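This walk-through starts at the surface and then turns to the interior. The sequence and the model come first.

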Amino acid sequence: MNRIAWRTRRTCAAAAMLTLLAMAGCKAVEGAGTADDATDSGGRITVWVDPPRVPAVNAFQEAFPDIPVEVNTINGNVGSTELQQKFVLFNQAGTGWPDAIFFPSNDDIAWAASSKINYVRDISTDLADVIEEYPSSVIAQCNIDGKFRCLRNDAAPDVLWYDAALFAQWGYQPPATWEEYEQLSLTIATEHPGYITGFLGDAYAPDRYLWASGCPTNDRLSEKLVHIDLSDLRCVRVRDMLDRLIKAGVIASTGIFSPDAAELGGRLVMSPGAVWWGNFLFRDTWKVPAGRITATAPLRWSADPDPLTSSEGGGLWGFSRHIKGTQLANTLTFARFVASDPRWQVDLSVGLPGYGPLQQRWLDKQRKAGYLAEFDDAAAAFVLAATIVRPDRDYTRYNTGTVWTHTITPALTSGRSFTDAWSTFGDRLIREARTFGYAVQSTA
């Protein structure tokens with residue numbers, strides 16, 4: 001991955017001439033270490049989480065009752081700028097930052113680590129032993145310009161999910177390549193109309209399909225330069241495949257969280273999707289009966305020399321650089337807990353832990369639960385996928401998933417062609433990147 005080291009200098013005397021976001025940098029010192037205005041509460045820590053992560057905080061409080069924790073439940077909407085604006089104001093005031101945060105969107109780490117906001121601390125040294133135990137492809141997006149600025153909550157690589165009962169009934173074999181996936185999807189469209197083989201309308205869809213192919217939508221070259229090129233052959237092959245599947249009526253134009261997703265989930269024969277789909281979607285949301293769903297290795301493009309996959313979510317924890325002393329020590333204790341303690345990652349989390357040493361314990365628990373069919377195959381797929389997430393895809397200040405749902409999704413639900421929507425998506429993506437201050441390089 002092409003990384004360019006950066007270091008920005010600025011003074012408060014020039015702040016009046018800058019925008020609100022630039023003004024936010026006045027009270028921050030350079031780099032990613034502890035800020036000059038760092039506080040020490042004497043022990044109390046403030047933690048911001050979305051609702052699904054409240055059990056993690058509760059488990060921490062039970063495990064460490066001597067550490068006072070103030071919890072703030074925040075909006076979990078992906079793509080919202082509300083959170084960033086709060087941090088702009090915190091930087092202006094020189095106070096207000098949470099000590100630890102679970103970011104609603106993984107892309108939030110881009111602005112939180114930027115030279116303008118400069119909120120998240122470099123944990124490369126503080127938590128080196130924890131970071132070392134992550135599979136490299138799971139923690140890769142937290143390594144920003146050579147500094148680790150976050151911890152991933154759960155590994156969320158894409159595998160191929162399929163309905164083992166329907167496959168057995170219809171005499172199908174799971175595809176190994178995207179080309180085989182397309183052919184089997186077209187066969188299903190002909191032989192079993194009404195069944196579907198994927199979802200296209202949610203914000204994770206560009207990860208599921210474009211990231212998996214290596215399409216450059218989020219190739220960060222520096223803090224101010226990205227590579228976006230939807231004419232790249234790795235993008236074109238996805239566009240053409242999806243266009244054919246949409247025309248065949250075998251892929252849903254709505255998304256995995258849409259109001260009709262549960263009904264569609266009952267007719268889903270197969271689909272690429274994250275490891276957390278098993279518990280969160282199939283079991284808890286769509287109520288697919290036990291013993292039907294399983295997973296196999298991620299799909300690969302036959303032209304690619306090595307199998308590589310994408311990731312959907314996984315969640316990132318960030319920690320403040322504006323603290324020191326006991327406040328910092330307790331925050332780092334919290335960081336270790338949410339990343340590597342089985343009382344959260346095994347006992348309560350629905351996803352495969354990002355922290356490698358706990359993955360087998362989580363898998364053992366899933367085996368005992370007995371929900372998935374052909375569990376050994378699914379478990380092997382999960383572990384493999386966590387080690388082969390495609391590099392050269394970064395979290396950026398613009399949210400590709402939001403651009404997708406504002407262009408592709410409404411176009412398809414209104415009956416427009418996918419190729420027209422694709423063109424709109426590409427144009428909007430470049431404009432969005434420029435709006436957020438990036439120069440766009442369109443060729444590798």
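In this predicted model, F257, F280 and V350 make up a nonpolar patch on the surface, and their accessible area together is about 270 Å². V350 sits in the loop that links α14 (342-345) and α15 (359-369). Its relative accessible area is 33%, so V350 counts as partly exposed. Membership in a patch requires over 30% relative accessible area.

In soluble globular proteins, nonpolar side chains tend to be buried together. Here the largest nonpolar core contains 90 residues, and the ones with the most contacts inside it are F87, F103, L151, F334 and F382. Leaving aside residues up to four places away in sequence, F103 touches L83, D108, I109, W111, A112, Y119, V120, L316 and G318. There is also a second, separate core of 47 residues, with L184, A205, Y209 and F425 among them.

Two of those residues, A205 and Y209, lead to helix α9, where both are buried. The helix spans residues 205-213 and is mostly covered, with 9 of its 9 residues buried. The buried residues of α9 include the charged D207 and R208. Just after α9, G214 adopts a positive phi of about 90 degrees.

Another charged residue to look at is D107, in the loop between β3 (100-102) and α4 (108-112). What is the nearest side chain of opposite charge to D107? It is R393, 4.4 Å away, and D107 has no salt bridge although D107 is buried. The cut-off for a salt bridge is 4 Å, so this pair does not qualify. Not counting residues up to four places away in sequence, D107 touches N218, R393, Y395, T396, Y398, N399 and T400.

How values were computed:
Residues numbered from 1 in each chain as written. Predicted model: local features only at pLDDT ≥ 70, side-chain atom pairs only at ≥ 80, totals over all residues. Heavy atoms only, no water. Patch = residues over 30% accessible without salt bridge, like charges linked within 9 Å, V, L, I, M, F, W, Y side chains within 5 Å. Areas by Shrake-Rupley, 256 points an atom, 1.4 Å probe, with all protein chains shown as cover. Helix = DSSP H or I, 4+ residues; strand = E, 2+ residues; numbered from the N terminus. Buried < 20%, exposed > 50% of the residue type's maximum accessible area, 1.4 Å probe, protein only. Contact = heavy atoms within 4.5 Å. Core = buried A, V, L, I, M, F, W, Y, C linked by side-chain atoms within 4.5 Å.
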